[in-house]
Amino acid sequence: MSAGASNAGPPATRNGAELLRRVTVGRTDEPVTHVQQIAARTGQPAPWPHWVPDLLRGRLALRGITAPWTHQVQAAELAHAGESVVLATGTASGKSLGYQLPVLSALLADERATALYLSPTKALGNDQLRAVRDLTLVSVRAAAYDGDTPTAERDWVRAHARWVFTNPDMLHLGILPAHQRWSLFLRRLRYVVVDECHTYRGVFGSHVAHVLRRLRRVCRRYGTEPVFVLASATAGDPAASAARLTGLPVTAVRADAAPHGDLTFALWEPPLTELTGENGAPVRRSTIGETSRLLADLVVEGARTLAFVRSRRAAELVALQARHALVEAGAGDLARRVAAYRAGFLPEERRALEASLSSGRLLGVAATNALELGIDVSGLDAVILAGYPGTVASLWQQAGRAGRRGSSALAVLVARDDPLDTYLVHHPDALFGRPVEATVTDPANPYVLGPQLCAAAAELPLTEDDLPLFGADAARTRLHDLVDAGALRRRAQGWYWTSRTRPRVDIRGTGGEPVAIVERSTGHLLGTVDPSSAHAAVHAGAVYLHQGAAYVVDVLDLERAVATVHADQPPYATTARDITDIAVVEELAVGRHGPLRLCFGTVDVSNQVVSFQRRRLGTGEVLGEEPLDLPPRQLVTRAVWYTLGEAALADAGLDTPDLPGALHAAEHAAIGLLPLFASCDRWDIGGVSTALHPDTGLPTVFVYDGHPGGAGFAEHGHAVAASWLTATRAAIAACECRAGCPSCVQSPKCGNGNNPLDKAGAVAVLAAVLSALRAS
């Protein structure tokens, strides 16, 4: 929601530090590993730009916004002057007003002008559309154009709407292929707003980068060059990330001038239990169980609390367990004030829940991480993060929901039982003392670039003048390949699409026909999954979650690309386990550091899902493992790898029989820690380790991108190898287990049953690697 200096009532006075003290009093397990106090900040208002119409100022004043903050004015002035800009400030800093000012001023000043708004989720887009409509600026004619827009309404939007709210998927599938029908809108396009642009990373971000280039290309044909205004969470080098996304020079505004109350931020490690896991490893109390207990305790204290979790099922479980704990404690009346908030809710249901939380009728809500972009709540007393959300940007996006009206608040990060979370709760400087990571994209990925060039050619024939938009050299090479494959035809005027049907490009996937997930009893299509993920996500016996409901897969038919499922409520989740072989195709970068070779290049990966584990919900206890008979999959991608000479390993105290377990453990931990540096998820990457690799002739550890052609994660890992591997070694060394556990060197997807693993050997391997890097 837009925000500037407001004449709203006084903020809440609940103290975050006191809340933390009250929910930890009486506990003997001491789960808090660190407390960071973040001071309150006063706001810095600025005068309205002279070009903002009186009508707009008046409507904003009616909403309580009496003056903008300085960062909002800086971004608005740049956009008004025709300069593309990214506003990269914290949660609740009022980024939306930064783009509303230039866009609405332009639409009010010129009744022919148009604007386009893009968001990664429909929920966020609908909230922003509602905020604009609430200003009752009738001539603006703001409207949604997405998959939920009725056919008849779509015709009206094309003909009459002046500010269209949509998403990259609809731009890619519905607007650009039909640009002739949008010609009047595109001829008058003044601004393109890209909201939450930090979410466009990896393969999806690379696709979106080309969709925006296709939009610029089509606009150019209609004689327009729109200004891009991007909004981002606090991020590392937002100008460079925004420039990669748009292909344009972009100026960043980063100085956040909005007020914020003081925040007590606690790092919380669930205690060890009496249970043992794989190979006798110790098991911690589950993140879900600890989050549920903490949510219930905060509700008892009367604190309005939002708990962010990773899945829809987890949101339901946290809310259910918190309600159960409250009933057991004799607080049944409070149990009715706890709810789950997840995808699948109707807009009116979502708005009613947001209003209930903001007003205090609801005290506790468990929400999926994905809804951090769509939920519109403020004035919270506490936020719980059930596990590190994947990036520092997302962590602050979620934690920033607490104290949004300038009040004191509490944020708690509850660690999951994995290497990254364990490292973070014991190394607070990794969260509080370092810059936010940069967004990683790779628009030159041939598996992204090729289909996008086909889509562009289907919209308008590609010419030589277009190639710089798509990366001139890479585009020319890929066009040659597409002509040879018969996808495009070369003529003197350019490159033409050869088929009568439009190219099928899944911008959220990695190519290939998606696997349909079909309910057995009804034939209802529940959803789809990328072919690259199908073996692990929808194998026979897998638990599949859809809008909070659980299904169990009966059959995965790879030939028909269909997974048949039935509704069920099993007391467990499933995790696929795989084995991998890897071959070096090409070394693109080689660093020689004495006995160490640190490389980046192209690899050919053969991956086979061989089994799956059932793990009890709530505790993570392994209930059993079932074999699977699935074919191996080939993946040509990018990897970072290192080799060490035998003498260096011997000097580190490692004999030949020790190497497989030591390298294997170092590989697992490195996969777990790379997301701290490369804005990826653990499941976006994979790894292989071997005591003697045939292509290197030496002990070797590989970490590779799990997407065809790469996603930029391994390349970033290569660039920051010293920092990444230093953190990896520290995470293993700091873990209190004796021989290895899920918090340090065990991996939930290891097809070798996490065997062999040598925790002490991994520390020795990484020490040798870091010693060689320092010496050179």
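Here is a walk through this structure, from its overall form down to a few individual residues. Keep in mind as you look around that the model is predicted.

Let us begin with the whole chain. The protein is built from 26 helices and 31 strands. Measured out along the principal axes, its C-alpha atoms occupy a box of roughly 75 × 75 × 60 Å. How does the radius of gyration fit with a compact globule? For 776 residues, such a globule would have a value near 28 Å, and the protein has 26 Å, so the two agree.

The burial and contact figures add to this picture. Among the 776 residues, 58% count as buried. If you take the contacts with a separation of 6 or more, 73% of them come from residues 24 or more positions apart. On the outside, the accessible surface is about 29,700 Å², and carbon and sulfur atoms contribute 51% of that area.

Now turn to helix H12, which covers residues 312-328. Does its length come out as expected, or not, and what is the reasoning? The helix has 17 residues, and at 1.5 Å a residue these should span 24 Å; the C-alpha atoms at its ends lie 25 Å apart, so the helix agrees with the expectation. Several of its residues are buried, including Arg313, Leu317, Val318 and Leu326. The alanines Ala314, Ala315, Ala319 and Ala322 of H12 are buried as well. Just after the helix you will meet Gly330, which takes a positive phi of about 80°.

Another helix to visit is H9, residues 202-221, where His207 is found. Is His207 buried or exposed? Its relative accessible area is 3%, under the 20% cut-off, so His207 counts as buried. The side chain of His207 also has a partner: a polar contact of 3.0 Å joins it to the side chain of Gln452.

Our last stop is a pair of cysteines. A disulfide is a covalent bond between the sulfur atoms of two cysteines. Searching the whole structure turns up zero disulfides. Cys735 is in no disulfide, and the nearest cysteine sulfur to it, that of Cys741, is 3.5 Å away. Seen from the other side, Cys741 is in no disulfide either, with the sulfur of Cys735 as its nearest cysteine sulfur at 3.5 Å. Why does this pair not count? A disulfide needs sulfur atoms within 2.5 Å, so a separation of 3.5 Å does not qualify. Both cysteines are buried: Cys735 has a relative accessibility of 7%, and Cys741 has a relative accessible area of 4%.

Terms used: Residues numbered from 1 in each chain as written. Predicted model: local features only at pLDDT ≥ 70, side-chain atom pairs only at ≥ 80, totals over all residues. Heavy atoms only, no water. Helix = DSSP H or I, 4+ residues; strand = E, 2+ residues; numbered from the N terminus. Expected span 1.5 Å × (residues − 1). Buried < 20%, exposed > 50% of the residue type's maximum accessible area, 1.4 Å probe, protein only. Polar contact = N/O pair within 3.5 Å; in protein donor to acceptor, adjacent residues only side chain to side chain. Rg over C-alpha atoms; globule rule 2.2 N^0.38 Å. Contact = heavy atoms within 4.5 Å. Areas by Shrake-Rupley, 256 points an atom, 1.4 Å probe, with all protein chains shown as cover.
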